[in-house]
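Here's a quick briefing on the model below, grouped by topic. Have a look at the structure first, then read on.

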Amino acid sequence: MKIAVIGVGQMGSAIIKGLLNQHEDDIIGMNPVNPRVSKFAQEAGFRLVNSSEEVVSKKPAVVIITTPAKVTLAVLEELAALPAHTVIISAAAGIRLADIAAILPTNPLAAIIPNIPVAVNAGTIGLALGGHVMAPAFDKINHVLTPLGEIIRVPESQLGIVGTIGGCGPAFVDVLMDALGDAGVKYGLNRSTAYRLAASMVNGSGKLALQTGLTPAQLRDQVTSPGGTTIRGVEALEKNGFRYAVMDAVNKANG
Ligand SMILES: NC(=O)C1=CN([C@@H]2O[C@H](COP(=O)(O)OP(=O)(O)OC[C@H]3O[C@@H](n4cnc5c(N)ncnc54)[C@H](O)[C@@H]3O)[C@@H](O)[C@H]2O)C=CC1
Ligand SMILES: O=C(O)[C@@H]1CCC=N1
């Protein structure tokens with residue numbers, strides 16, 4: 001399937017990597033001339049173009065928009081000549097489906113908030129469908145997104161909070177892993193061992209929660225042996241306002 005990714009920055013690159021991992025071999029990246037992007041395209045092995053006209057002329061089946069929000073509507077104007085069957089998937093946070101439909105009134109539309117783990121096909125992707133998404137367009141959306149990670153389908157009104165927890169969340173977890181890494185180094189681990197330890201622990205904890213369906217509190221109770229060491233650490237987290245710090249991070253990012 002011919003898939004165009006507009007804006008090959010952090011998110012666009014992560015999506016392209018995830019698609020290439022799944023052997024999608026007809027990918028077009030579009031970005032203003034930039035040596036970083038040219039190098040990435042050459043190394044990863046996808047076609048790179050530098051203008052919207054070139055994207056339109058290739059008639060892609062799906063276009064994924066990963067440009068900064070402030071230029072996204074202008075980019076969509078440039079893409080207005082796309083065939084009506086081209087599915088538009090916008091990953092630009094804050095751009096509403098109605099804004100896109102005003103520019104591309106006949107194309108099937110979807111808004112997503114993915115996260116950076118799509119690069120290793122372990123992403124979390126909030127999805128809200130817009131207009132004109134009949135079975136063939138829905139199949140294309142699924143074909144492109146399913147291999148990238150878990151799809152959380154929500155009404156558009158909930159895409160903001162899904163994007164904050166799923167899309168910004170990796171950065172919050174990265175801060176936690178960084179702090180655990182520092183703690184490991186303090187107690188004598190070398191830094192790479194400390195980071196591998198933290199990442200493996202986070203990976204396993206997420207997998208266990210997903211596979212068992214247990215709540216976080218039930219899982220925590222399995223770890224906190226009576227009179228043991230973990231409950232002392234949990235007490236310190238509560239004393240230091242860890243829960244509030246996490247909720248307030250979501251407040252601020254979602255604001
Ligand atoms: N980074 C993330 O984890 C996530 C990002 N997003 C969304 O993805 C979009 C991009 O974010 P990042 O990748 O983090 O930013 P970024 O700054 O790394 O990438 C933006 C890319 O768009 C290119 N660009 C700028 N103007 C363009 C134009 N007119 N036409 C084509 N390309 C253009 C830039 O050269 C750059 O390569 C934003 O709208 C953001 O809300 C959504 C979910 C997660
Ligand atoms: O930081 C941002 O604005 C984007 C949206 C979600 C994750 N990154």
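Helices and strands here are DSSP runs, numbered from the N terminus, with at least four residues for a helix (H or I) and at least two for a strand (E). Keep in mind that this is a predicted model. On that basis, the protein chain comes out with eleven helices and eight strands.

**Overall picture**
- The C-alpha trace of the protein chain spans about 65 × 40 × 30 Å along its principal axes.
- Some 31% of the chain's 255 residues count as buried.
- If you take contacts between residues at least 6 apart in sequence, 61% of them join residues at least 24 apart.

**The annotated stretch**
- UniProt's unreviewed entry puts a "binding site" annotation on I6, G7, V8, G9, Q10 and M11.
- G7 sits in the loop between β1 (3-6) and α1 (10-21), while Q10 lies in helix α1.
- Is G7 buried or exposed? G7 is buried, because 24 other C-beta atoms lie within 10 Å and the cut-off for buried is 20 or more.
- Q10 goes the other way: it has 11 C-beta neighbours inside 10 Å, so it counts as exposed, the limit for that being 12 or fewer.
- Setting aside neighbours within four places in sequence, G7 is in contact with G12, N31, I65, T66 and T67.

**Around ligand 1**
- There are 25 residues around ligand 1, and the ones that come nearest are G7, G9, M11, A92 and A93.
- Two elements, α1 and α4 (69-78), give two or more residues to this shell.
- By type, the ligand 1 shell splits into 15 nonpolar and ten polar residues, with no charged ones.
- G7, G9 and M11 turn up in that nearest group and also carry the UniProt "binding site" annotation.

**Around ligand 2**
- Which residues are around ligand 2? They are A93, I113, G163, G167 and C168.
- Helix α7 (residues 159-186) gives the most to this shell, with three residues.
- The ligand 2 shell has three nonpolar residues, two polar and no charged.
- A93 is worth a second look, being around ligand 2 as well as among the residues that come nearest to ligand 1.

**The nonpolar core**
- The largest nonpolar core has 49 residues, and those touching the most other members are V5, I15, V63, I64, I65 and I89.
- Leaving out neighbours within four places in sequence, V5 is in contact with G12, I15, I16, I27, G29, I64 and T66.
- I65, one of those well-connected core members, is also in contact with G7.

Conventions
Residues are numbered from 1 along each chain as its sequence is written. Chains are lettered from A and ligands numbered from 1 in the order in which they are written. This is a predicted model: local features need pLDDT of at least 70, side-chain atom pairs count only at pLDDT 80 or more; totals for chains, interfaces and linings use all residues. A residue is near a molecule or strand if its C-beta atom, placed from the backbone, lies within 6 Å of it. Ala, Val, Leu, Ile, Met, Phe, Trp, Tyr, Cys and Pro count as nonpolar, Asp, Glu, Lys and Arg as charged, and the others, Gly among them, as polar. UniProt positions are given in the numbering used here, feature names are shortened, and annotations may be inferred rather than shown by experiment. Two residues are in contact if their C-beta atoms, placed from the backbone, lie within 7 Å. A nonpolar core is a set of buried Ala, Val, Leu, Ile, Met, Phe, Trp, Tyr and Cys residues joined through C-beta atoms within 7 Å.
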